[in-house]
Amino acid sequence: MQTVHDNPADSEFDMYIDGEIAGWVRYRVEGSEIWMLYTAITRAFHDRVLADPLIQTALDDAHRRRIGVLPFCPLVRQYMRLHPEYLGLIPAGRSTLFRPRRALEAAAS
């Protein structure tokens, strides 16, 4: 069974499979923003596609909490580009740092 839990003590969203840690998204909360810093999948689970559901859960949590997301992690940034419904989580004043040019042009029209 696969579960993802926010672990605020370690500033991570942790993914467990059958009780074993499979991966995490490390983050930092700064005011009303969450900075997604790093995503890792443990060696034992590297052959599985686990980053997507892990990142999706972290982004859904940010959306639920109504906080902005700064995707410093390249995997989180890539996920958001492939799933543009999450691009709105990037605060407007920071969007030029993380959003692809086409998404910015579409939002402006």
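How many of the residues of strand 4 are buried? Of its 9 residues, 7 are buried, and strand 4 is mostly covered. The legends below refer to a predicted model.

**Figure 1. Overview of the predicted protein, with 4 helices and 5 strands.** The chain has 109 residues, and 39% of them count as buried. Read from the N terminus, the elements follow the order β-β-β-β-α-β-α-α-α. The exposed area of the protein is about 6600 Å², of which carbon and sulfur atoms supply 51%. Among contacts with a separation of 6 or more, 35% join residues 24 or more positions apart.

**Figure 2. The open sheet of 5 strands.** The strands lie in the order 1-2-3-4-5, and their pairing is mixed. Strand 1 (2-7) and strand 5 are the edge strands, each with pairing on one side only. From one strand to the next, the twist averages 25°. In a regular strand, side chains alternate between the two faces of the sheet.

**Figure 3. The hairpin of strand 3 and strand 4.** These two strands pair in the antiparallel sense, with 8 bridges. Val25 has Thr39 of strand 4 as its bridge partner. Val29 stands opposite Ile34, which also belongs to strand 4. Between the strands of the hairpin there are 2 residues, and Gly31 takes a positive phi near 60°.

**Figure 4. The pairing of strand 4 with strand 5.** Here the strands run parallel and are joined by 4 bridges. Glu33 has its bridge partner, Gly68, in strand 5. Strand 5 is an edge strand, whereas strand 4 also pairs with strand 3.

**Figure 5. Helix 1 and helix 2 against the sheet.** Helix 1 lies across strand 1, strand 2, strand 3, strand 4 and strand 5. The angle of helix 1 to strand 4 is about 165°. Helix 2 lies across strand 4 and strand 5, and runs at about 115° to strand 5.

**Figure 6. The largest nonpolar core, made up of 30 residues.** Within this core, Ile34, Met36, Leu59, Val69 and Met80 touch the most other members. Two or more residues each come from strand 2 (12-17), strand 3 (20-30), strand 4 (33-41), helix 1 (51-65), strand 5 (68-71) and helix 2 (74-82). The contribution of helix 1 is the most, at 6 residues.

**Figure 7. The surroundings of Leu59.** Which residues does Leu59 contact, leaving aside its neighbours within four places in sequence? They are Met36, Val69, Val76, Tyr79, Met80, Tyr86 and Leu89. Three of the names in this view, Met36, Val69 and Met80, are listed with Leu59 among the core residues that touch the most other members. Tyr79 and Tyr86, also in contact with Leu59, form the ring pair of Figure 9.

**Figure 8. The aromatic pair of Phe13 and Tyr27.** The structure holds 3 aromatic pairs. In this one, the ring centres are 5.3 Å apart and the planes meet at 50°, so the pair is tilted. Phe13 sits in strand 2 and Tyr27 in strand 3, and the pair links parts of the chain that are 14 residues apart. Phe13 has a relative accessibility of 2% and counts as buried. Tyr27, at 5% relative accessibility, counts as buried too.

**Figure 9. The aromatic pair of Tyr79 and Tyr86.** The centres of these rings lie 5.9 Å apart. Why is the pair classed as tilted? The planes are at 45°, and an angle that is neither under 30 degrees nor over 60 counts as tilted. Tyr79 is buried, with 5% relative accessible area, and Tyr86 counts as buried at 9% relative accessibility.

**Figure 10. The surroundings of Asn7 in strand 1.** Is Asn7 buried or exposed? Asn7 is buried because its relative accessible area is 19%, and the cut-off for buried is under 20%. Setting aside residues up to four places away in sequence, Asn7 touches Glu12, Asp14 and Tyr27. One of these, Tyr27, is a member of the tilted ring pair with Phe13.

Definitions and conventions. Residues are numbered from 1 along each chain as its sequence is written. This is a predicted model: local features need pLDDT of at least 70, side-chain atom pairs count only at pLDDT 80 or more; totals for chains, interfaces and linings use all residues. Side-chain values use heavy atoms; hydrogens and water are left out. Buried means under 20% relative accessible area, exposed over 50%, partly exposed in between (1.4 Å probe, protein chains only). Contact means heavy atoms within 4.5 Å. Accessible areas come from the Shrake-Rupley method with a 1.4 Å probe; for residues, only the protein chains shown count as cover. A nonpolar core is a set of buried Ala, Val, Leu, Ile, Met, Phe, Trp, Tyr and Cys residues joined through side-chain atoms within 4.5 Å. Rings of Phe, Tyr and Trp (its six-membered ring) pair if their centres lie within 6.5 Å; planes under 30 degrees apart count as stacked, over 60 as edge-to-face and the rest as tilted. Two strands pair if DSSP finds at least two bridges between them. Axes are lines fitted to C-alpha atoms, for helices over the stretch in contact, and angles run from 0 to 180 degrees between N-to-C directions.
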